[in-house]
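Student: I have a new model to read. Could you take me through its features one by one?
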Amino acid sequence: MEIFRLVDRHPESIFSKAGFYQRMMALSMKDEAFKVQMFRFVDVLASLKKPHDIVQHLDEYFATMQNTFTPLLQTGIRVAKIFPWLTAPILRWNVSGMARQFISGRNPDDALKTLRKGRKNRIGFTVDLLGEAVVSEEEAEEYGMRCLQLLEGLAAQTKDWTDPLGKNAELFPVVNVSVKISALYSQMSPTDPGDAIAHLAPKLRPILRRAQEVGAFINFDMESYAHKNCTLALFKSLFTEDEFKNWPHAGIVVQAYLRDAERDLRDLIDWGRRRGTRFTVRLVKGAYWDYERIKAAQNGWSVPVWQQKPESDANFETCTRVLLENEEIVTAAFGSHNVRSIAHAQALAEEMGIDKSRFEFQLLYGMAGPIKRALVEMGYRVREYCPVGELLPGMAYLVRRLLENTSNEGFLRAKFSDNASAAQLLRDPNTLIAKRTTEVSTIGPDWERDGRRIEPDGSAEGHGRNGHSRETPPGDSYENAPLVNFVHQQSQDQMERALRDVRAGFGRQYPLVINGEKISTGKWMASLNPSNPSMVVGSVAEAGIPEAEMAVKAARDAFEHWCRVSIDHRAQLLERVAAVMDRRRFELSAVEVYEEGKAWAEADGDIREAIDFLLFYAQQMRILGRPQLTQHVLGEESYQHYWPRGVALVVAPWNFPIAILTGMVSAAIVTGNTVIMKPAEPSSVTGALLMEMFEEAGVPPGVLNYLPGHGSVVGQHLVDHPEVVMIAFTGSREVGLRIWETAGKTRPGQRELKRVVCEMGGKNAIIVDSDADLDETIVDTVYSAFGYQGQKCSACSRLIVLEENYDRVVERLIAATASLRTGNPEEPGITVGPVIDEKSYRRIKERIEHGKTEATLAYQATNIPATGYFIPPTIFTDVKPDGRLAQEEIFGPVLSVIKVRDLDEAIAVANGTEYALTAGFFSRSPANIERVKAELEAGNVYINRSCTGAVVGRHPFGGFKMSGGGTKAGGSDYLLNFIVPRVVTENIMRHGFAPETTPRHRDEFGSTPVMNNAVARR
Ligand SMILES: Cc1cc2nc3c(=O)[nH]c(=O)nc-3n(C[C@H](O)[C@H](O)[C@H](O)COP(=O)(O)OP(=O)(O)OC[C@H]3O[C@@H](n4cnc5c(N)ncnc54)[C@H](O)[C@@H]3O)c2cc1C
């Protein structure tokens, strides 16, 4: 209450600057749609250079808005359009003003004015350097240098400053710098904390040494959950080193919004006791709450943050107690603007007899001035968190603050904008949790979207985990399998163990499987490790024509039974395979690391996709399989349903060795076909494991036959075979077109028109608009182009950049590519591994050599292993849109950059190839985004994200033109390719009498013990 009394004594705005900012905030709190557009506009503004562009964006973001202040807004936009040279600078100035509200200075010298003002008011500081997202080591080095300069500058300028309380000053150095750990190493990966520490420690040591010399304090800020464990491990490891072991001026942040917070805090305290030197913990709630929820929902992870605001508040109080109870080893810094959180800490400290001067309150610059003043007046230690930096890099920080200040849940809004009473604001959060779980509110705050309760997995009641209504068919009724979260040590350990076990089992021989029998042909094909080609992962029997004939007969015979089996029975088979796959998940990933050279997360993504295919197709078949009434008409009933086609040949590529093979096989099997499965030669061991899993799940003999061999021999023979009625193929254009052509010929004895599902390659382009967010563009482009060595059919191979941004994009792109970790993917955290085999290696090398004759080799990595099929990530610039580099698929880590004048030219270039698989666009112009959505020729168009990584059900995948026949793997209509439709009509009128209603669905025809027509037909 005392804080409120002091706060209310000087009635003041929540924000230190009024005017434009306050008006914007007030409007944002009134209107959610305005808020979204407003924050997006703020986000893009700093990157816009010309007045015309600013006004254009203003128009695009706000012109069509409908709300109470629409007329005012539209008049403003009309005026702005007439005088862009006048209005644009005013707008920019106003938004800069908003940023200046939260950013204490453009550079350290500038910030000193602010720090001096704080000092006058008895407020200390911690300075944080804002920067663009660090995408390369060059940028990381620069951040390290800036930290050192900052330390020097602050130390020199504050030499004569003394502690504001003059008591326990030795615990609280005047100079305090907050460091963003991820800004010091661009390749920080949660999969490989060891590597991160190995790179970060040498960069931090000079900073820590200098801090010791000048008597400063260094705090490790905490960022997203992905980096949390690594940051904690780094902190403990560095400050246990002899050099820093006895140094007490180090601190780290604990985020109370995390469910792990208390455990992490206790671990830190235990560590601190073992170390024997005091350290500091800044306790905060956390700045990435929305981000963590979205990330978790997208990847199927359990949400690491509390879902109810009072839970975060209560956890803050729990951690406050832990900190104060251990005051003899840890100094507490409470980072909050919430008077309840602050008052709780004060009351507890008082109760425990801890002097006010032994802990501090930290608050953000530009916020909650009255609270800071009140705390100072009460004799507490107050420190301001002062970000320093330019406007452009400051935008992400500004938007975070804007979100925080307008959040329905935030304390500051409740107190200063919504004028909630002190009694309400001081309620014990624990009582609020209890209350909220028993109440169902209809107008709820964020934690109860539209009155729906949030489930522990982050979904709302009645919603899929993917965030849409369960009523919305089809992809959304399916919940994707989660990815393995390599943030967790346990996942890392499981993967390490699997790699060891798989390696120990190298050399196994896998026979053919035909009609449920294992058949060895005496000829073995060795499958090699592309990182180390002398290493044989395993060998598979090589099938020839006789075995191909045996397989056709087995599949043909099995079809007689399998086509009669109920849909549910077939769907259950897929579900059992998914369960086996899930159990063997790490083992399968490990095999892919060795056999296909996949990085850990890429391999896991492949297994996740395979599980998704199995479960999604099982579910889809249950929906599709029931005969469905075509039309309500009295006296007659007509039902459409589907028959399987017969024997399907599945020819799969090696690049998604489990996922694509599983997708095609499971689609064929669940629809009632029988299958001859021919994996690609370089991934035949992985194919054998899929066979094993189907066998374990109880696939009947002959329904699935495993037939590895050479495509030109068994593959061609089966494509031509009169009894193979459909071919599901994914692979190269050369083979795909041959299959397409030969399948079109009718051969003697053939009784069906062959159906071909044909998915081929791409020459995928990403366009970078002049207003694109380059932090995202660079990270996502590098991943799209070089993830799995560019060997995804969806990979980006052309980057089309509007000339305004060209130089900066190329500069950052090259630096980011140069920072990638290339090496044996057995090591965690590797991004670029080897290409699949010697043939690919030679072909790509030849293409690079040729590329040098038609474009500029702008970058080629040199730090690649000497053995293995490693191709260095390579970037060409000055690429001609119609040259070979820009037209022909390379399927390797080679990116061609093309400069264009404007969006018209960019779209023409992007569409100017024979392919249409994936395409990407980075832009913050709503009009340009709409245009690209309408005009880009690609089966999968991605806006403001990478162009790889399609998720089953969410992003049905496949292209057209020379990329494929227009089928969509993982989409609701994919199964239709494997079946033929049939309609059965019955006159149900007898002597003028007919039932009034006919059900929408009926049971499967022939699902009764009566022999089904399908068999009679064939
Ligand atoms: C000096 C200082 C340094 C900071 N450093 C960091 C840092 O290094 N890393 C970092 O992540 N954060 C940091 N923060 C915290 C962050 O930036 C926010 O300012 C802080 O979380 C706001 O909390 P509050 O107690 O002031 O406000 P309150 O309004 O009481 O709490 C708001 C917070 O509650 C949480 N929340 C919101 N909605 C929900 C919900 N539905 N369920 C559960 N929780 C919810 C969020 O964390 C949100 O930020 C720092 C804050 C300060 C003051």
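Student: Which strands does helix α33 lie across?

Tutor: First, a caution: this is a predicted model. For a helix packed on a sheet, list the strands under the helix, then take an angle to one of them. Helix α33 (residues 903-911) lies across β21, β22, β25 and β27. Its direction is about 165 degrees to β22.

Student: And which strands does helix α30 lie across?

Tutor: Helix α30 covers residues 803-818 and lies across β21 (764-768), β22 (796-802), β23, β24 (874-877) and β25 (894-900). Helix α30 runs at about 145 degrees to β22.

Student: What is the strand order of the open sheet?

Tutor: Start with the general idea. Strands of a sheet pair through backbone hydrogen bonds, either parallel or antiparallel. Here seven strands form an open sheet with mixed pairing, in the order β23-β24-β25-β22-β21-β27-β28. From one strand to the next, the twist averages 20 degrees.

Student: Why do β23 and β28 each have one side without a neighbour in the sheet?

Tutor: Look at the ends of the order. β23 (856-860) and β28 (940-943) are the edge strands; each has a single partner strand, so one side of each lacks a neighbour in the sheet.

Student: How many bridges join β27 to β28?

Tutor: Four bridges link them, and the two strands run parallel. β27 spans residues 918-922. For a residue-level view, take A919: V941 in β28 stands opposite.

Student: Now the interior. Which residues have the most contacts inside the largest nonpolar core?

Tutor: Think of a core as a network of buried side chains that touch. The largest one here has 143 residues, and I218, F220, F239, F334 and I371 have the most contacts inside it. Helix α9 (residues 193-214) supplies the largest share of this core, eight residues. A second, separate core holds 80 residues, including V540, Y594, A610 and M621.

Student: What does F239 touch?

Tutor: Leaving out residues up to four places away in sequence, F239 touches L208, F220, F244, K245, W247, A250, W271 and R275.

Student: How many disulfides does the structure hold?

Tutor: Zero. Check the sulfur distances. For C147, the nearest cysteine sulfur is that of C386, 15 Å away. The sulfur of C386 likewise has C147 as its closest cysteine sulfur, and 15 Å is too far for a bond.

Student: Is C147 buried or exposed?

Tutor: Use the cut-off: buried means under 20% relative accessible area. C147 has 1% relative accessibility, so C147 counts as buried. C386 also counts as buried, at 1%.

Technical notes. Residues are numbered from 1 along each chain as its sequence is written. This is a predicted model: local features need pLDDT of at least 70, side-chain atom pairs count only at pLDDT 80 or more; totals for chains, interfaces and linings use all residues. Side-chain values use heavy atoms; hydrogens and water are left out. A nonpolar core is a set of buried Ala, Val, Leu, Ile, Met, Phe, Trp, Tyr and Cys residues joined through side-chain atoms within 4.5 Å. Buried means under 20% relative accessible area, exposed over 50%, partly exposed in between (1.4 Å probe, protein chains only). Contact means heavy atoms within 4.5 Å. Two strands pair if DSSP finds at least two bridges between them. Axes are lines fitted to C-alpha atoms, for helices over the stretch in contact, and angles run from 0 to 180 degrees between N-to-C directions. A disulfide is a pair of cysteine sulfur atoms within 2.5 Å.
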